[in-house]
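Good morning, colleagues. Please bring the model up on your screens, and I shall take you through the ligand site, a group of aromatic rings and a few individual residues.

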Amino acid sequence: MIVANAPGRAEWLGNHTDYNDGLVLGIGLQVGATVTARPAGDRELVLRALDLDETCACELDALSPVEVGSWANYVLGVAAGFLSRAAKAQGLELEIRSTVPMGAGLSSSAALECATARALQRAWATNFDDMELAQIGQEAEHTFAGVRCGLLDQVTSLFATRDHAVFFDCRSLEVERVPVPPEARFVIVQSGVKHALSDGAYNERRAECEEAARVLGVGKLREATMRLIDEAERSGRLQGAALRRSRHVVGENARVATAVEALRVGDLVKVGQLMDESHESSRTLFENSCEELDFLAAEARTIPGCLGARLTGGGFGGAVLALVKHGTEDDFVEAISERTDRARGGVPQTLVTGAGGA
Ligand code: GLA
């Protein structure tokens, strides 16, 4: 029997930068997915999601996506990725458990993909490095779930270590683990608005970024600069959504780089400011926020001990990530719950965490 784990992740900074070949900063969470693998019938893959009490059985030689939105697609997609890389696969039963809230922007799907990838690596005795495993997970999203995501989620999940943030350059594929100052705590406040990236808004944003890059004459928005964007705006070539999306991505890349420098000198106040700016940029330029997320981020910032707050992950719902000073997290949770309760008649679910991972 093989037991493999992978954590959920929170995007600390770098919103929709990954598929633009940009920079991201993520943390692993203390919640995650666990996949237990046991040998099964010759060419069969049997999946059991224990929390949902659902089962799905497939032939290894005929793996294809099941219904849209099913958890099974992430597991099947990863298995298909192993097979397409010539893994010598044998029948398996995979038992799945997860403590990552679903639809909350914390990448329950990547945690599942990465735990599956780690389990299959051992069960099928393959030797992929962690970046390849991350790419297999990303491929599963593209081909089995229809979301053209970047690598932020899978890389953060696989590379996360305790008390470190994962700084990832999506162009060079370099990963650096940056120590998180001990006085940092994170509170994830769920908006209650379910986000489903498979509903098309995510892919639409990606297409707008690609269009902006085309107009700017660069391969990916990573290569663009504010100056290039200003010129394209002045000449009337870049307008509307493409203009706003490109400003957001270029701004986010700069914010990630600045935040990493601030972290190196322990300046959490600066990192908090960058988080606030990032949320504003998502709200006004990338337009992937929503009323509930704006409300939570604005309220969070007024609570003593909170250094900054922003939406985390794909957006259009999901959660807000607040950076708070160690020691204030309990009061923060109480205050945000109270205010949300008064304003909206429902207490949000919160998760307090340090940077988690292996
Ligand atoms: C989702 C995707 C990631 C990334 C974020 C936004 O989590 O899966 O690849 O694009 O949204 O930064």
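Which polar side-chain atom lies 2.6 Å from an oxygen atom of the ligand? That atom belongs to Asp 18. I count a polar contact as a pair of N or O atoms within 3.5 Å; within protein, one must be able to donate a hydrogen and the other to accept it, and residues adjacent in sequence count only if both atoms are side-chain atoms.

Before going further, I should state that the model is predicted, with local features requiring pLDDT of at least 70 and side-chain atom pairs pLDDT 80 or more, whereas totals for chains, interfaces and linings use all residues. Residues are numbered from 1 along each chain as its sequence is written, and side-chain values use heavy atoms, with hydrogens and water left out.

Let me return to the ligand. The backbone also takes part: a polar backbone atom of Gly 150 is 3.0 Å from a ligand oxygen atom, and a polar backbone atom of Gly 314 is 3.3 Å from a ligand oxygen atom. On its own the ligand has 300 Å² of accessible area, of which the protein covers 98%; such areas come from the Shrake-Rupley method with a 1.4 Å probe, and for residues only the protein chains shown count as cover. There are 15 residues around the ligand (a heavy atom within 4 Å). Those that come nearest are Glu 11, His 16, Asp 18, Asp 153 and Tyr 202.

I turn now to the aromatic rings. Rings of Phe, Tyr and Trp (its six-membered ring) pair if their centres lie within 6.5 Å; planes under 30 degrees apart are stacked, over 60 edge-to-face, and the rest tilted. By this rule there are four aromatic pairs. In one of them, Phe 82 and Trp 124 have ring centres 6.0 Å apart and planes at 70°, so the pair is edge-to-face. Phe 82 belongs to helix α1 (residues 72-84), while Trp 124 sits in the loop between α2 (108-123) and α3 (130-145), 42 residues apart. Helices here are DSSP runs of H or I with at least four residues, strands are E runs of at least two, and both are numbered from the N terminus.

The rings of Phe 82 and Phe 128 are likewise edge-to-face, because their centres are 5.2 Å apart and their planes stand at 85°. Phe 128 is in the loop between α2 and α3, so its pairing with Phe 82 in α1 ties together parts 46 residues apart in sequence. Ring pairs thus join Phe 82, Trp 124 and Phe 128 into a cluster.

How far is this cluster shielded? Buried means under 20% relative accessible area, exposed over 50%, and partly exposed in between (1.4 Å probe, protein chains only). Phe 82 is buried at 0%, Phe 128 is buried at 13%, and Trp 124 is buried as well.

Next, consider helix α9 (residues 291-301), where Leu 293, Leu 296, Ala 297 and Ala 300 are buried. Seen down the axis of α9, these fall within an arc of 95° (directions from the helix axis to the C-beta atoms), so they line one face.

Finally, Asp 21 lies in the loop between β1 (2-13) and β2 (23-39) and is buried at 16% relative accessibility. Beyond its neighbours within four places in sequence, Asp 21 is in contact (heavy atoms within 4.5 Å) with Asp 169, Cys 170, Arg 171, Lys 220 and Arg 222.
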